[in-house]
Every structure is written in C-alpha cells, then in structure tokens.
Amino acid sequence: MNEAVTVVALLRAKPGKEEALRQALSAMIAPTRREPGCINYDLHQAHGDPATFVFYENWRSQRDLDEHLKMPYIQAVLSRADELLAEPPDLRLFRMLSRSVPSEH
C-alpha cells in the first residue's frame, strides 16, 4: 500500500543545548521540503519549554519517509544526538483520517 504517512517527532534538548538544537533542526527544513515525497515539514518549539521541539511532517508514502531518513543532512543531525539530545527522539507514525471524511459543506 502506498498510503501517506504523518510523523510527529518529539525532541528534547540537553540543558544548555536548546539553541544549538534549534539551529540544527532548522537547517533541515529547506532541504527536506525540496524532497519529492515531502508534503509538509514543520518545526515547532514548546511554549514555556525551550528544550522541547516537535516536527509535524506528512509524506506521500512510507518509502518517501524512509528515503528522507537516509539523507545526509538528517544523518548529520542524528550523529550529534549524544551532544544535543537529552533522550532519544520520540517518533510516532500516524495515518491521516480527516481527508477521508466527507465535507459537510
């Protein structure tokens, strides 16, 4: 099945590494958005907790997501995980339901 995939990725910076992590994550946005399977790739930072970041992503397929995770700019940030992250990333995959619900308008 070639079903679209939604990703919610939660990342927590080590104390004192919030800005370094924000910069590293922000640098991934432009090249990721140019990937052919990327529908959207949006970075968020928690209100009141500058150490917590969330990516909200949508991909055309699991294969597109798998290819994304192999990209050099993704691997470069992952190689710095011990330096930047307080804990392993929490990656959750979802299937979008709202597009399949008929519009009431």
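User: Ala, Val, Leu, Ile, Met, Phe, Trp, Tyr, Cys and Pro count as nonpolar, Asp, Glu, Lys and Arg as charged, and the others, Gly among them, as polar. How do the residues lining the largest pocket divide?

Analyst: This is a predicted model: local features need pLDDT of at least 70 and side-chain atom pairs 80 or more, while totals for chains, interfaces and linings use all residues. Numbering starts from 1 along each chain as its sequence is written, and side-chain values use heavy atoms, with hydrogens and water left out. A pocket is an open set of points on a 1 Å grid over the protein atoms alone, where a 1.4 Å probe fits, with protein on both sides within 12 Å along at least five of seven lines; lining residues have an atom within 4 Å of a point. For the largest pocket, the split is 19 nonpolar, two polar and two charged.

User: What is the volume of that pocket, and which residues are closest to its centre?

Analyst: The volume (space filled by probe spheres set on the points, joined across faces, edges and corners) is about 310 Å³. There are 23 lining residues. Closest to the centre are Ala9, Leu69, Ile74, Leu78 and Leu91.

User: Which element gives the most to the lining?

Analyst: Helices (H or I, at least four residues) and strands (E, at least two) are DSSP runs, numbered from the N terminus. β1 (5-12), α1 (18-26), β3 (49-59), α3 (62-70), α4 (72-78), α5 (81-84) and β4 (90-94) each supply at least two lining residues. With four residues, the top contributor is α3.

User: In what order do the elements of the chain run?

Analyst: The chain has five helices and four strands. Its C-alpha trace spans about 50 × 30 × 20 Å along the principal axes. From the N terminus, the elements run β-α-α-β-β-α-α-α-β.

User: What is the strand order of the sheet, and which strands stand at the edges?

Analyst: Two strands pair if DSSP finds at least two bridges between them. The sheet is open, has four strands in the order β2-β3-β1-β4, and pairs antiparallel. One side of two strands is left without a neighbour, because each has a single partner; the edge strands are β2 (38-46) and β4.

User: By how many degrees are neighbouring strands turned against each other?

Analyst: Axes are lines fitted to C-alpha atoms, for helices over the stretch in contact, and angles run from 0 to 180 degrees between N-to-C directions. Here direction is ignored, and the average is 15°.

User: Which residue of β4 stands opposite Ala9?

Analyst: β1 and β4 pair over five antiparallel bridges. Ala9 also faces Phe55 in β3, where eight bridges join β1 to β3. In β4, the residue opposite Ala9 is Leu91.

User: What angles do α1 and α3 make with β3?

Analyst: Both helices pack on the sheet, where contact means heavy atoms within 4.5 Å. α1 touches β1, β2 and β3, at about 15° to β3. α3 touches β1, β2, β3 and β4, and its angle to β3 is about 135°.

User: Which residue of the β2 and β3 hairpin takes a positive phi?

Analyst: β2 and β3 share eight antiparallel bridges. Cys38 has Trp59 as its bridge partner, and Tyr41 faces Glu57. Two residues sit between the strands, and the one with phi near 75° is Gly48.

User: How are the rings of Tyr41 and Trp59 arranged?

Analyst: There are two aromatic pairs (Phe, Tyr or six-membered Trp ring centres within 6.5 Å; planes under 30 degrees apart are stacked, over 60 edge-to-face, the rest tilted) in the structure. For Tyr41 and Trp59 the centres are 6.5 Å apart and the planes at 70°, so the pair is edge-to-face.

User: How far apart in sequence are the parts this pair ties together?

Analyst: Tyr41 lies in strand β2. Trp59 lies in strand β3, so the separation of the parts is 18 residues.
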